[in-house]
Amino acid sequence: SITVGVLALQGGVIEHIALLNRASTSFPTITFHFPEVKTPEQLSLCDALIIPGGESTTMAIVARRLGLFEPLREFVKINNKPVWGTCAGLVMLAEEASATKQGGQELIGGLDVRVLRNKFGTQAQSFVADLQLGFLAEGERPFKGVFIRAPVVEEVINGNGKVKVLGTVKKPGEEEDIVAVRQGNVFGTSFHPELTGDVRVHAWWLGNVVEALSHKGKEKGLVVGRGKLDG
Ligand code: GLN
């Protein structure tokens, strides 16, 4: 079986678990567990992790208090387990947060990017945009990205060429912003696929989790029907 935890210190936890459950039906031969993670012990049982949206300063304070920062860093950067951060979760997975717009809190890191928090303004300036994500098949309908006090990737840093941009958004009168990135085992999105009824990002990411684990030999001999989730 495969255990995919959702970090449950604060933020949109149950929405992710609901979409993971739906996405898991794409893999009928695999048993999944989707526990909430609040302690280092619970984290140690996970094969992969989602860090949800919410408020990254608060999340960082709680993670520090619970002794989760070092285990999280080990999970992401030493054990190289698959991790996906949405919105505040993307902030947590960045190596740097810009000092403006409330940067400066403790980060887990793993993505060689600098994020700019709250790029599009306040809650009232939330918006939905059609996104062409790098892993959607050509001609597939775009993904409705929900942006709520969202961060963007302001810059790819450290120049190692490992960061792949998988999605951008262009608001009228603004320059194009990077809103989805992947670096090896670490995936980050500015937007909230868990707040849409659209299971495609969760299904694609779960496919990557399954693949990463089959390479490690955990799920030997898995036959995975991925169809158009491929990529
Ligand atoms: N603005 C929040 C932060 O910077 C993120 C908002 C969200 O997760 N929806 O942490």
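Cysteine and proline count here as nonpolar, together with Ala, Val, Leu, Ile, Met, Phe, Trp and Tyr, while Asp, Glu, Lys and Arg count as charged and the others, Gly among them, as polar. In this predicted model, the shell around the ligand divides on that basis into five nonpolar, four polar and three charged residues. The residues surrounding the ligand are Gly53, Gly54, Glu55, Ser56, Cys87, Ala88, Val91, Arg117, Asn118, Ile148, Arg149 and Pro151.

Cys87 also appears in the UniProt record, where an unreviewed entry lists Cys87, His192 and Glu194 under "active site". These residues span 108 residues in sequence, yet no two of their C-alpha atoms are more than 11.0 Å apart, so they gather at one spot.

His192 lies in the loop between strand E13 and helix H6. His192 counts as buried because 23 C-beta neighbours fall inside 10 Å. Apart from neighbours within four places in sequence, His192 is in contact with Gly12, Gly53, Thr86, Cys87, Val146 and Ile148. Glu194 is likewise found in the loop between E13 and H6, and counts as buried with 26 C-beta neighbours inside 10 Å. With the same sequence neighbours left aside, the contacts of Glu194 are Gly12, Glu15, His16, Leu19 and Thr86.

Strand E13 (186-189) is also one of the elements against which the buried residues of helix H4 pack; the others are helix H2, strand E4, helix H3 and strand E5. The buried residues of H4, which runs over residues 69-78, are Leu72, Phe75 and Val76. They cover an arc of only 85° around the axis, which puts them on the same side of H4. Glu70 and Ile78, on the other side of H4, are exposed. Just after H4, Asn80 adopts a positive phi of about 50°.

Note on methods: Residues are numbered from 1 along each chain as its sequence is written. This is a predicted model: local features need pLDDT of at least 70, side-chain atom pairs count only at pLDDT 80 or more; totals for chains, interfaces and linings use all residues. A residue is buried if 20 or more other C-beta atoms lie within 10 Å of its own, exposed if 12 or fewer, and partly exposed in between; C-beta atoms are placed from the backbone. Helices (H or I, at least four residues) and strands (E, at least two) are DSSP runs, numbered from the N terminus. The arc is that of the directions from the helix axis to the C-beta atoms. Two residues are in contact if their C-beta atoms, placed from the backbone, lie within 7 Å. A residue is near a molecule or strand if its C-beta atom, placed from the backbone, lies within 6 Å of it. UniProt positions are given in the numbering used here, feature names are shortened, and annotations may be inferred rather than shown by experiment.
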